[in-house]
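Hi,

Here's the structure I promised to send over. Have a look at it first, and then read on for what turned up.

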Amino acid sequence: MVAMESSTQINPLLQDFKFPPYDAIKAHHVVPGIHALLSQLENDLVELESKVEPSWSKLVHPLEKIIDRLNVVWGIVCHLNSVKDSPQLRLAFQEVQPEVVKFGLRLGQSKSIYGAFKAIQESLDWHTFSDAKKRVVELKIKEAILNGVSLEGDKKEQFNKIQQESEKLSVKFAENVKDATSKVEKLITNKKDIDGLPTTTLALAGQVAASKGHENATAENGPWILTLDDPSFLSIMQHAKNRSLREEFYRAHVTRASYGDLDNISIIDQILKLRLEKAKLLGYNNYAELSMTTKMATIDKAEELLENLRTASWNAAIQEEELRPFFSLPKVMEGLFKLVKMLFGVDIESADGVAPVWNSDVKFYSVKDSSGNPISYFYFDPYSRPSEKQGGAWMIEAVYPRHAKLPIAHIVCNQTPPVGNKPSLMTFQEDESLVSGTQGIDYTLTSMAKHYETGENLPENVYLRLLEARTFRAGPLTLRQLRCAKVDLELHTKYFPGGSESVHDVDKRISKTTETIPLLPEDKFLIL
């Protein structure tokens, strides 16, 4: 007991905090921290089950505390695993993940908690509940069923094995994608080989080279290191005049994680097989049916919508680089915050130093109401870090807005980092990703688009060309997304692992009606 208390006192994962102590959490805290957390949560769950009553205060509130505590602490570990990857953290994550999954199953399959929610739903007081509370109860009952609460004996054991193996494979899949992406680096010393690449890309490539030991690397004279990370790869594909360089990087991109130690092909089949088995155990014909039970869509309606969009897209210009100086990250953030204030009447202010962060590039912000009182916070991690950070962009909660705590969120991007004394100069696509959609494009262009050095507004002729370019190649780009959606839906409805078609046969068949240019034979990059 003394050892447990001592461990709790020194382990930042287990301390009470207003903001997650990201600067203090190390890989060696994960295993003992999660072990202690799960032990405490198990005790809390046993106590809840022993005293459970079918009432809001005696069921929902204590259950939320258990779920929130698990989600916050485990969420911190998962977040760091996504943005600050290291061999030590991976090993720690892999060691405790099965125990977290096991506790999640234990919680989700609790018959006493499930019974209490059913009792609430069947009680005489049910009609007095608000629609929101009814929705919570209905979702908890559905979640329990989908977590296997009704399964017994061998079926329950098989279900739990499937959950464990699926989680393990999903983590391995993501690790392989990240490792395969960061593994590709090309050192270039001949200036002719990088002809056509913009100065922002060359500056970034020189900066990467300098970080890899080429101390005298510059944007003008090199050497340069190009990578598969989005800011580098997308620029190569769009601007490089060296055809062989474009081909080399394109082939590397579409064959990521499809061979050698990082091969995801067999993992995809295993995941699909497990998902199908899980669906059958729960009484569904396929995994898509299971997934749709928590959504408003149906398989038939989804297929109909995708086909309508495909038909419309099938039947259906401007240089990004000249826009970069008008979309410096500080100016974009300033304009975005003005837009938020105009729409919602809240102020967003820098709160750097208030909360610990996991990297010096991470910014912390406070969202305040009209009286100046904080109502929420968020972290913003804007730049690409290929060696430790997963690709993509996402937003996820860090702390949930319950039990007197203010909500805290993570906003993560992978855009071009600052180079030298220049701020991060964004492409318009990066700007759109940050602002989340093109609905606010007019405000974005008129309010945020200011030259980072002169303060000059975006020239009107460029503004008009950019508006026209909003539909440039919209058909092929939409088809690309539809290909992903149609492949995903078919793999989870009609595909049978080990059958006559492989997952890549399915992808190639569907691509014939969703890609205007045929796929390369070796194109095997899929994301589940």
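Below are some notes on the sheet, the helix across it, a proline and the cysteines.

Before anything else: this is a predicted model, so please read all of what follows in that light.

Let's start with the sheet. It is an open one, built from 5 strands in the order β3-β4-β5-β7-β6, and the pairing is mixed. The two edge positions go to β3 (347–350) and β6 (394–399); each has a single partner strand, so one side of each has no neighbour in the sheet. From one strand to the next, the twist averages 25 degrees.

Now for the pairings, going through the sheet. β4 and β5 run antiparallel and are joined by 6 bridges, with S366 standing opposite Y377 in β5. These two strands, β4 and β5, make a hairpin with 5 residues between them. If you click through the turn, stop at G372, which has a positive phi of about 85 degrees.

On to β5 and β7, which pair in the parallel sense over 6 bridges. There, D381 is opposite V412 in β7. Then comes β6, which is antiparallel to β7 (residues 408–415) and joined to that strand by 5 bridges. One pair to look up here is E397, whose bridge partner in β7 is A409.

How many of the residues of β5 are buried? It's 8 of the 10, so β5 is largely enclosed by the rest of the structure. Helix α14 (residues 329–344) lies across β3, β4 (363–368), β5 (374–383) and β7. Its direction is at about 155 degrees to β5.

Away from the sheet, take a look at P476, which sits in helix α18 (residues 474–491). P476 comes out as partly exposed, at a relative accessible area of 28%. The C-alpha atoms of P476 and T514 are separated by 8.0 Å, while the two residues are 38 apart along the chain.

Last, the cysteines. I looked for disulfides, counting a pair of cysteine sulfur atoms within 2.5 Å, and the count comes to 0. Two cysteines I checked for exposure are C78 and C484: C78 is partly exposed at 25% relative accessibility, and C484 is partly exposed too, with a relative accessible area of 37%.

That's it from me. Shout if anything is unclear.

Cheers

Terms used:
Residues numbered from 1 in each chain as written. Predicted model: local features only at pLDDT ≥ 70, side-chain atom pairs only at ≥ 80, totals over all residues. Heavy atoms only, no water. Pairing = 2+ DSSP bridges. Helix = DSSP H or I, 4+ residues; strand = E, 2+ residues; numbered from the N terminus. Axes fitted to C-alpha atoms, helices over the stretch in contact; angles between N-to-C directions. Contact = heavy atoms within 4.5 Å. Buried < 20%, exposed > 50% of the residue type's maximum accessible area, 1.4 Å probe, protein only.
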